[in-house]
Amino acid sequence: MNGVTPSIEAAVERIGTEGFAVIPNLVDEDRLARLSDDSDALLHPVPNQPGLNGTRATGRMFKGLFRSSRAFDDIIVHPTLLAVVRGVLVGPQQTNAGYYGNAFRDIQLSTTMIKDVQPGENIRALHQDDGFFPIPRPRQPLAVNTLLAIDPFTVANGATRVVPRSHHWSKKLEPDHDFVTVEMDAGSILIFNGAVWHGRGPNTTADRCRRALNIYYSCSWLRQLEGHYCGLPEVEVERLPETLKALL
């Protein structure tokens, strides 16, 4: 497993230097089982994904998760996850700040989805997740993306590929640049700077999917990718817990 960190502070430091970190066992087995069931209830086929050997494959995905379900809210506001995100976007001195009320007004939820890389799907090319923001590079961290593994991430089933330290670049990626493959157990989470170059490998297995809960955070002064309140009507926002409202 690449990039495993034992603490919040270590994760923030590693994301600052390498661009990514893994926090093992963010959720326990019971929560993981519910996450798996809730995800499968929402995932739907996305046909004509690039397949292996020039074929086409059917993937699965669900976008607009926050406006559609409350089943994942506890993970979105997980104290460890929010502490790492705030440490990256605001500064390491903020990693142990409070978790309630206005403590997270300087970071926000931007978009959430579930992804499922199906057997036979090909690679996703290396790319950055913060290209939406027209601010010259190099620049301060603007976004933190996360992938919570619902299934184990392995080389065989298309685990995420990351180019270490590429979040410091102002140049484009060379097509043949080296990368590392992030293998991790189900229940662990990959957290990375939105500027880091990353992609995924092919799922070469016959019967193993690779599902992940994808939660994307950004600085609060930026436009949310899913729109105001992540698409949730204001009347429903008012019913949310304070910690969650503070991220909107």
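Where does N48 sit? Its place is in strand 2, which covers residues 44–50. Keep in mind while looking at N48 that this is a predicted model. The backbone there deserves a glance, since N48 has a positive phi of about 65° even though it isn't a glycine. As for its surroundings, N48 is exposed, with a relative accessible area of 51%; the cut-off for that label is over 50%.

Follow the chain onward from strand 2 and you come to a second residue of this kind. N53 lies in the loop that links strand 2 with strand 3, the latter spanning 56–63. N53 isn't a glycine either, yet its phi is positive, at about 55°. Strand 2 and strand 3 form a hairpin with 5 residues between the strands, and that is the setting in which N53 takes its positive phi. Is N53 buried or exposed? At 80% relative accessibility, N53 counts as exposed.

Now for the pairing around that hairpin. Strand 2 and strand 3 run antiparallel and are joined by 5 bridges. One pair to pick out is P50 with its bridge partner R56 in strand 3. On to the next pairing: strand 3 is joined to strand 4 (residues 107–117) by 4 bridges, again with the strands running antiparallel. Here M61 stands opposite K115 of strand 4.

Step back and these strands turn out to belong to a bigger arrangement. What is the order of the 7 strands in this open sheet? Reading across, the order is 1-9-6-11-4-3-2, with antiparallel pairing. Strand 1 (20–23) and strand 2 stand at the edges, and each has a single partner strand, so one side of each is left without a neighbour in the sheet. On average, neighbouring strands of this sheet are turned by 25° against each other, direction ignored.

Go over to the strand 1 edge. Strand 1 is joined to strand 9 by 4 bridges, and the two run antiparallel. Within that pairing, I23 stands opposite I189 of strand 9. In a regular strand, side chains alternate between the two faces of the sheet. Strand 1 is covered on both faces: F20 and V22 are buried on one side, and A21 and I23 are buried on the other. Moving inward along the strand order, strand 9 (residues 189–193) pairs with strand 6 in the antiparallel sense over 5 bridges. V144 stands opposite N193 of strand 9.

Then there are the helices that lie against this sheet. Helix 1 lies across strand 1 and strand 9, and runs at about 155° to strand 1. Helix 5 packs on the sheet too, touching strand 1, strand 4, strand 6, strand 9 and strand 11 (210–219). The direction of helix 5 makes about 45° with that of strand 11.

The two helices also pack on each other. Helix 1 (residues 8–17) and helix 5 (residues 79–89) meet at an angle of about 40°, with their axes 9 Å apart. Why call them oblique? The angle is about 40°, and angles under 35 degrees would count as roughly parallel, so helix 1 and helix 5 are oblique to each other. Their crossing is right-handed. Helix 1 brings I8, A11, V12 and I15 to the contact, while helix 5 supplies T80, A83, V84, G87 and V88. By character, the residues of this contact divide into 7 nonpolar, 2 polar and no charged.

That leaves another sheet to visit. It is an open sheet of 4 strands in the order 5-10-7-8, and the pairing is antiparallel. At its edges are strand 5 (124–127) and strand 8 (180–181), each of which pairs on one side only. Further in, strand 7 (residues 160–162) and strand 10 (residues 198–200) pair in the antiparallel sense over 3 bridges. There, R161 stands opposite G199 of strand 10.

One last backbone detail brings the two sheets into the same view. P138 is found in the loop between strand 5 and strand 6 (143–149). The peptide bond joining R137 and P138 is cis, with omega about -10°. Strand 5 is an edge strand of the 4-stranded sheet, whereas strand 6 is part of the 7-stranded one.

Note on methods: Residues are numbered from 1 along each chain as its sequence is written. This is a predicted model: local features need pLDDT of at least 70, side-chain atom pairs count only at pLDDT 80 or more; totals for chains, interfaces and linings use all residues. Side-chain values use heavy atoms; hydrogens and water are left out. Two strands pair if DSSP finds at least two bridges between them. Buried means under 20% relative accessible area, exposed over 50%, partly exposed in between (1.4 Å probe, protein chains only). Axes are lines fitted to C-alpha atoms, for helices over the stretch in contact, and angles run from 0 to 180 degrees between N-to-C directions. Angles under 35 degrees count as roughly parallel, over 145 as roughly antiparallel, 65 to 115 as roughly perpendicular and the rest as oblique. A crossing is left-handed if the near helix is turned anticlockwise from the far one by less than a right angle, and right-handed if clockwise. Contact means heavy atoms within 4.5 Å. Ala, Val, Leu, Ile, Met, Phe, Trp, Tyr, Cys and Pro count as nonpolar, Asp, Glu, Lys and Arg as charged, and the others, Gly among them, as polar.
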